[in-house]
Amino acid sequence: MLTLNRKHQEDLQRRGLKPEQIEAQRYRSVPLFGMKKLVKRLAEEGYMVKGVPGFYRDTDGNWTINFKAENSGILIPIVSLDGFIQGFQIRVDHVTDTKKYIWLSSVNYDQGVSSGSPVHVIGDLAAERVYLTEGALKGTIAHYLSGATFVCVAGVNQYRNLKPVLERMKGYGMKQLLEAYDMDKKMKVACNKHDSKCAVCFERSPVICQHKAEKRRIIQNGCNKVYEICRELSLPMNRMVWDMDESGEWNGKHKGIDDYLAAIKQKEGTGAQTSALPKGEQS
């Protein structure tokens, strides 16, 4: 029932997706009005919205959906191993330091429910090598650029629903998991004296930026949780790295696996999938 506006279409193509891939993934723009009419149409066609994340009853007792103008953006389906949409994220138009992606949820409304944090999967489910990254859109772009299978959590610390997915995929034939989280897991922590979040550092001038060090610690803690899950499943795992300097730290250019693959594809200058997936470190 929804459409994808031109700006969102162009944004997705700029990130490396083709029009037919965008349509296949059913990306849509968050509507800015007409929510009750949409829900009424669903009801008329026999669909039940009760218990579905995002839907709730308003003060008049009518069912509606939690779309708001301030949360406008791209609606991203989160697809399960069985091919069903199990939730939505919104890549918001108005990005801030604390808000880039949000879940479509109605947990704080009458008869509304939480979205939870479901895991998105795309690619050949019987693949022996499977890649893990953060973000459904990022993983989907990386899949289309490389042809590889991606399992996508919402963030490095959103790992609680990951184990059953990996357990099932191991049963399908997966023999190795390759962690391809963003390269800020290898971010430099030296103080550069121009981070707005580190005003205290201007006075103390430490060698190590405490803000960056804490951020990297949190990210690496999330990575370690995945290693623990893989050990429990007796599943070999490697860490993927790219865009690194001689000291083994991130150069600061290509943060996500999708950014890296898009840059390689642009360099190769072909329309085909790239086989230049980054090499792995031993976990």
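## Pockets, cores and strands in a predicted model

By class, the 46 residues that line the largest pocket divide into 12 nonpolar, 14 polar and 20 charged residues. This description concerns a predicted model, and the values that follow were computed from its atoms.

### The two largest pockets

The largest pocket has a volume of about 1500 Å³. Of the residues that line this pocket, Lys100, Asp182, Asp184, Lys215 and Lys255 are the closest to its centre. Two or more lining residues come from each of helix H1 (6–14), strand S5 (85–92), helix H4 (136–146), helix H7 (210–232) and helix H8 (257–268), and it is H7 that provides the largest share, with five residues.

The second largest pocket holds about 700 Å³ of space, and among its 21 lining residues the closest to the centre are Leu2, Leu42, Phe55, Leu75 and Phe88. The elements that give two or more residues to this lining are helix H3 (35–44) and S5, with S5 supplying the largest share, four residues. Its lining consists, by class, of 17 nonpolar, two polar and two charged residues.

### Nonpolar cores

A general tendency helps in reading the next part: in soluble globular proteins, nonpolar side chains tend to be buried together. In this model, the largest nonpolar core has 30 residues, and those with the most contacts inside it are Leu12, Leu17, Tyr27, Leu137, Phe150, Trp242 and Ile257. The elements that give two or more residues to this core are strand S4 (73–79), H4, strand S9 (149–153) and H8, and H4 gives the most, with six residues. Apart from this core lies another one, of 26 residues, which includes Val121, Val153, Ile229 and Leu233.

### Strand S10 and its neighbours

Which residues of strand S10 are buried on its one side, and which on the other? Gln176 and Leu178 are buried on one side of this strand, which spans residues 176–179, while Leu177 and Glu179 are buried on the other, so that both faces are covered. This arrangement can be read alongside a general pattern, in which the side chains of a regular strand alternate between the two faces of the sheet.

S10 pairs in the parallel sense with strand S8 (residues 129–134) over four bridges, and S10 also pairs in the parallel sense with strand S11 (residues 237–240), over three bridges. On the S8 side, Arg129 has Gln176 of S10 as its bridge partner, whereas on the S11 side the bridge partner of Leu178 is Asn238. Arg129, which lies in S8, is partly exposed, with a relative accessible area of 42%. Although Arg129 and Leu178 are 49 residues apart along the chain, their C-alpha atoms are separated by 7.2 Å.

### An antiparallel sheet

Four strands form an open sheet in the order S1-S4-S5-S6, and their pairing is antiparallel. Strand S1 (28–29) and strand S6 (101–103) stand at the edges and have a single partner strand each, so one side of each is left without a neighbour in the sheet. S5 and S6 run antiparallel and are joined by three bridges, and within this pair the bridge partner of Ile90 is Ile102 in S6.

### Helix H1 and residues with positive phi

At the N-terminal end of H1, Asn5 acts as a cap, with a side-chain oxygen that lies 3.2 Å from the backbone nitrogen of Lys7. After H1 comes Gly16, whose phi is positive, near 120 degrees.

Ser234 and Asp243 are not glycines, yet Ser234 has a positive phi, and so does Asp243. The table sets out where these two residues lie and how accessible they are.

| Residue | Phi | Loop | Relative accessible area |
|---|---|---|---|
| Ser234 | about 50 degrees | between H7 and S11 | 58% |
| Asp243 | about 50 degrees | between S11 and H8 | 18% |

Is Asp243 buried or exposed? Because buried means under 20% relative accessible area, Asp243, with its 18%, counts as buried. Ser234, in contrast, is exposed, since its relative accessible area is 58% and exposed means over 50%.

Notes. Residues are numbered from 1 along each chain as its sequence is written. This is a predicted model: local features need pLDDT of at least 70, side-chain atom pairs count only at pLDDT 80 or more; totals for chains, interfaces and linings use all residues. Side-chain values use heavy atoms; hydrogens and water are left out. On a 1 Å grid over the protein atoms alone, a cavity is a set of points where a 1.4 Å probe fits but cannot get out, and a pocket is an open set with protein on both sides within 12 Å along at least five of seven lines; lining residues have an atom within 4 Å of a point. Grid points are joined across faces, edges and corners, and a volume is the space filled by probe spheres set on the points. Ala, Val, Leu, Ile, Met, Phe, Trp, Tyr, Cys and Pro count as nonpolar, Asp, Glu, Lys and Arg as charged, and the others, Gly among them, as polar. A nonpolar core is a set of buried Ala, Val, Leu, Ile, Met, Phe, Trp, Tyr and Cys residues joined through side-chain atoms within 4.5 Å. Buried means under 20% relative accessible area, exposed over 50%, partly exposed in between (1.4 Å probe, protein chains only). Two strands pair if DSSP finds at least two bridges between them. A polar contact is a pair of N or O atoms within 3.5 Å; within protein, one must be able to donate a hydrogen and the other to accept it, and residues adjacent in sequence count only if both atoms are side-chain atoms.
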